[in-house]
Structures are given as structure tokens and as C-alpha cells.
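Colleague: I would like to learn to read this model feature by feature. Where do we begin?

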Amino acid sequence: MFGFCCGFRASMLGLLFVLLLAMLDSPARANDGDAALTPVTFVSDESYAIARLDLSSGLTGTPQKLFVALRDGRLANLWFVMPIGGDQRVNVEKSSLTLIPNALKGTVHLRTAVGRERPIIAGMVTFDLAVNNGRISGSYELDMGKSNYKSEKGTATGMLSQTASTTDAVSPQASWASFGGSKGDMSAQSQSTLVEDLAQARPVWRSETHVPTAYGNAPDSRYFIRALITGNGGGGSSPVVAAGMVFMSYYVPSESVPPSLKNPFWERTYKDDAAFQKQMADMNANAQEINWVLSHFRPVADDHIVAIDAATGATKWRTVLPRRSPNLQTHKHRGTSGVPLVSGDTVYVPNLGSRLYALDAATGKVKWERPAFDGSMKEQGINDGPPNPSPILIGDLLIWARGGQLYGLDPTTGEENWKTPGGYTLRWNSKGKERLVTFAGRSLVCLDAATGKTIWNQETDLAVHAPLSAVIAGDVLMAAPPLNKQDGTFRFRGLQLSESGVKERWQAAPFATDENMPITIVGDRAHLLGKQTIHVIEIASGKTVAERKFTSHGPGSNAWLGVVGERFLFLPEGQHGTAQLGFLDRDLKSLGSLWLPTNTDTTAYNSQPVVYPIVDGRLFVRGGDGIYCYDLRK
């Protein structure tokens, strides 16, 4: 999929991936279908090293940091740490860079573009560096052709790390184990003292694995040529962290199925193949970039789950499940993207087609998948994703919603213990009894979690607008009826839950919103992200007790608020490609300015944000081409 990109690697891991693509190069025939659809796991066991370099003059003609990762002495990925982040992609085409005793030498061929649908520009950087007891020094030459980046000669100094230092090691006990964190309420565990301003974040690594861009920056059928520089989209999932590893799921267009070019967007753009080839030549596209454009139109995708060393960014294992997802290539997906749940030795992963996988967390081996896959691709039209981003684990039951049904599954085998109608589901502890509250059509249903037995069923006009728009705090369910389209407001309701039913407790004041209204709970208060406003209401009464209005850079489309000790991690806008983050204190005052991470960035789209875990003082960011780690510790 990515023969050239910042995730390029010339190691055996990369070779095995090429072999997999060769195996999947043609549609499965009757006698080889089972083999072509069998999950494949790649395990990395070669040496991994990171060279962190300070360039005297970088891409913009000023000093710049460059991180170079090496797998078995060959380039695994590189990261030009941008002084100001954004969607500034520098892809790797090929590399001769080699780490040998006492030296790091070779040339990396780069690809970039000065804007959307502009010709691709070829560049290169050549290194002649000495390595002495982990210290690096020497010269480099950067030639970026006719791009808006500079061509420079200069000096490079830095350090080579061949093992994770104790400074970078992430505690195996620390975690953010699901979409909502390890406690399911968007709160981080206790941390060491963090920097006040995110601008002080220290970049640590970029993942060896290339993770495709999320929906906010992905190509769309109206302008699919964007794939030439962004590559294809891979869904809107978020990273999770547990046991010293980062787990990430995404999908990649399946090359076992040819592109479906009987498509109005394709046909109105190209009258024939010659017209397509001419434009590709005019765009200076190479074979991989052309394949990205064609892959936009492949009907199905392969699911990828990767485990990444949280200390170094090195790939531990990657499992590919061929042809399990619809290939939804759009930047405006309005459904839900599955996010892994890690529990003990197992990773549970939902996909875009509402399938569920269980994998061994240490090895990547698939333990089970539900439903069993017969290769018919009959479910490729299911592209709204699962009702809940992550499944819910209660005792010895895994709770999972799919296709209008709610299941209680054996987490070890995936076997069904019970099934009942249901959709988006919330966990409720009713005086020590585990209950589930699920939205089933126009009904709100309370179930016994152990048996799936209905306790009560009441009609409701409440709706789940996004995974964060309905929450339970204590015995109060907070949600909203459909948006008032006349004035663009939601009027949240608090419903009193009991073993005998549910009744309205309060109605909050109407709040203007930008498409959806996520809720974050802290103690006895609910924080609602409205349009350029954060409203704080008392959960017991629904009364507004605090408010912050923004003139700019406040909550907009797909905002998110995470809880980190006595502060919040604030994503004011998580929809249109640019992911700025900021710290707020408990009084909603800004701690420092909004920060645009120094990596290629990305976002999801309505109605689910990408979530940014802070674990053991480290911030993990899904970027436009990989996962990135920043150290926030003072």
C-alpha cells in the first residue's frame, strides 16, 4: 500500500508486506479463496534505532529537527519536526540510507507538493554522518527541487538511541484502554507534573507504521486526485494505550479487488485511460501515487491492527484481515469508526462494517472474529460503523451492538450468551447491579447486563447524535431530543433512572450547537460543548453554573474535552483537518495558547472526534501519516 511514504522501510518487515500484497494481487478464485482471506500477522524482531538530529537549516531555511528511524540499519521512517504543524506532507519514495559501524550515510528520495492537486515535486536529502558512542555529527545536503521548501547544505548533530531509555519508557500499568479511556469517561489516570503550555511538548517519536490519514484530510470522490499526496483514507479511529504499547486500527483499500471505474466521478473526469495517464504525467505522479488514485475506487478494504512500542514508535506486530471492510474513501463520514478496547491479554477491535475481532495483545494472533467471514463481501454496504466506538466489558461479558441487535458475548470465544434489540449502549450501575441502557429505535431500554433480560422499555424522543452526546452520571441519563432546526439549538434533558423506569428530571436551557453537542462529566458537573461556548450544568438540577464564551477558537464542529487531573485537554475543532489542542483549567481558563502539533495532522469528521490519550505523561497523537508521541512531563 505504501511503497513510499514516511513509513517506508527496507527491512524484512517491509518485504513480508510486499509479499502479502503480491498474494492479494488478484481476486480470490474458488480454489485459493480461503488463503487469500486468511488473517496474516507480521512480527518485528529486528533491531530498531532512532537518530534525533538537529539540522542547521531545514525545509524552511531555518534550524529544524529531523527524526530518522532505522530498522535493521535501514530507513524505517523519518519525521521533519515542523516548527509549525499542519498538513505538510513529505513522503519517502526510496532510500539508500544505511547505518553501519561508526557512520550513517546515504540518500533519501522525497516527494511533496505545494498544494492540493498541484504537481508532485521530487527532492532528496543526502547524509554523510559519523556515529561515535551514540553521538552523531556530519553534513547533509537537502535538494527540494522547485517546491516552496528550501534547498540547503548544512551540518547535522544529534544522538542515536538503539534501545528505549528509562526516560522514554512508558509504565506498563498506565493506560487509556478504549475510546473513552480506561474508565470510559474521557478521563486520564494520574500523571506526573505536566507542562502548563502544550507548546513545551517534547517530540519523542513517529510510528514506524504508516497510518493512513483520517477523514478530515482524506480524498473525496469530488476531488480524488488529492490522493496523490495524502494517499488513501483509513477511517476515523483513535489510538489506545495499554501494557506499554499503542494499539491502532485502520483500513487500507484491498488490492485483491480491481478499481470500480464505472463511476460518475471518474467518468466525468476522464474520457478514457489515455486522458488519465496524461494527467498523471502532467502531475509528475509515480506508480505508487497512481495506485493511490486508483485505490480510491476499490470497493472493499483490508483491516489492519497494529501494536506499537509506546517508548520508541517501533512496530511490534501488525495483523491484516483481508477484505473485511467497505472501502469508504470520503472526508465527510458521519458514522462511527470502531476504536480498540484492550483488556488483559486481548485487544477487541470493531471495524467499519460492524465486525468484531479479538486478538492476542502480545502476538497479534486472531483469537476469533464475529460474525465468521465467508468471503462473500455481502456486507460491504454497511459503512456507518458500530453504534459504540468501543465494545463494553462487564465482568465476563463483552457487550456489543450490531445491526439493530445488542449482544452479550463470551470474551474468550466470541460465542453469544444473549441477544436482544439494541443500539448505542451505556453502562449503568444501579445500586451495585450492572445494567445496560440502550437506544433501540424509538425506545429506551434497560437490561440486566448478565442475562440481557429487559427490566423496562419506554418510548423516547431522545436521540444519540454522536458517541459523546448521551451519557450517564450516577442515576441521571443526559441526552437531547433532535436538533431544533429553526434556531439550531439542543435542549438537553436529565432523566432519572430507576429499576422501575425512567422519568424526566430536568430540562436545561437551550444551547446553540455546531452539528453535535458532546458531554464531558467531572464530579457533579456536566460540560457541554456548544457553538463557541462551553456550558457547565449541575447534573442534579440541569442549571447552568458556569460558562465560557469564545470569540474565536472555541468549540466548533466535532469538538472534544478530555479530563487530565485538574485540567482539561481541549480540541476545539475536530472536523476540518487541522487538530489544535490546548489545556484549560477547571475554571475553563486557557493554560497557554492553542497548539498545533509539529506533525502532519488530521482529524475525523462528524460525528466522532479522534481522541488524544495522555498516558504516563505522554501525549499520543494520530497524525495524517502515523502515530506521534510527545512528552508532556516537566
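Modeller: With the labels. Helices (H or I, at least four residues) and strands (E, at least two) are DSSP runs, numbered from the N terminus. The model is predicted, so local features need pLDDT of at least 70 and side-chain atom pairs pLDDT 80 or more, while totals for chains, interfaces and linings use all residues. Residues are numbered from 1 along each chain as its sequence is written, and side-chain values use heavy atoms, without hydrogens or water.

Colleague: Take H5. What does a side-chain oxygen of Asp272 reach at its start?

Modeller: Polar contacts are pairs of N or O atoms within 3.5 Å; within protein, one must be able to donate a hydrogen and the other to accept it, and sequence neighbours count only through two side-chain atoms. Helix H5 covers residues 273-282, and at its start an Asp272 side-chain oxygen comes to within 3.2 Å of the backbone nitrogen of Ala274. Just after H5, Asn284 has a positive phi of about 60°.

Colleague: How do I read a positive phi?

Modeller: Most residues other than glycine have a negative phi, and most peptide bonds are trans. Asn284 is not a glycine, yet its phi is positive. It sits in the loop between H5 and helix H6 (287-295). Asn558 also has a positive phi, near 60°. Its loop runs between strand E37 (544-549) and strand E38 (560-564).

Colleague: Is Asn558 buried or exposed?

Modeller: Buried means under 20% relative accessible area, exposed over 50%, partly exposed in between (1.4 Å probe, protein chains only). Asn558 has 1% relative accessibility, so it counts as buried. Asn284, at 38%, counts as partly exposed.

Colleague: Next, the empty space. How much lies in the largest pocket?

Modeller: Rolling a probe the size of a water molecule over the atoms shows where empty space is left. On a 1 Å grid over the protein atoms alone, a cavity is a set of points where a 1.4 Å probe fits but cannot get out; a pocket is an open set with protein on both sides within 12 Å along at least five of seven lines; lining residues have an atom within 4 Å of a point. Points join across faces, edges and corners, and a volume is the space filled by probe spheres set on them. The largest pocket holds about 1,000 Å³. It has 40 lining residues; nearest its centre are Gly180, Lys183, Gly184, Asp185 and Arg427. Strands E16 (341-343), E20 (392-394), E24 (425-430), E28 (471-473) and E34 (519-522) each give two or more residues to that lining. E24 gives the most, five.

Colleague: What is the make-up of that lining by class?

Modeller: Ala, Val, Leu, Ile, Met, Phe, Trp, Tyr, Cys and Pro count as nonpolar, Asp, Glu, Lys and Arg as charged, and the others, Gly among them, as polar. The lining has 22 nonpolar, 14 polar and four charged residues. The second largest pocket holds about 410 Å³. Of its 25 lining residues, Thr336, Pro387, Tyr424, Val464 and His465 lie nearest the centre. That lining divides into eleven nonpolar, eleven polar and three charged.

Colleague: And how many cavities are there of 30 Å³ or more?

Modeller: Ten, over the whole structure. The largest cavity has about 120 Å³. It is lined by 19 residues, with Ser249, Tyr251, Pro350, Asn351 and Leu352 closest to its centre. Strands E13 (245-253), E14 (300-309) and E17 (346-350) give two or more residues each.

Colleague: Which peptide bond is cis?

Modeller: The one from Arg370 to Pro371, with omega near -5°. Pro371 lies in the loop between strand E19 (366-370) and E20.

Colleague: Which residues have the most contacts inside the largest nonpolar core?

Modeller: A core is a set of buried Ala, Val, Leu, Ile, Met, Phe, Trp, Tyr and Cys residues joined through side-chain atoms within 4.5 Å. The largest has 69 residues, and Leu569, Tyr612 and Leu619 have the most contacts inside it. E13 gives this core the most, six residues. Apart from it lies another core of 30 residues, among them Leu75, Leu99, Tyr149 and Ala156.

Colleague: Finally, where is Thr600?

Modeller: In the loop between strand E41 (590-595) and strand E42 (614-615). Thr600 counts as buried because its relative accessibility is 7%. Contact means heavy atoms within 4.5 Å. Beyond four places in sequence, the contacts of Thr600 include Gly86, Arg89, Gly623 and Tyr628.
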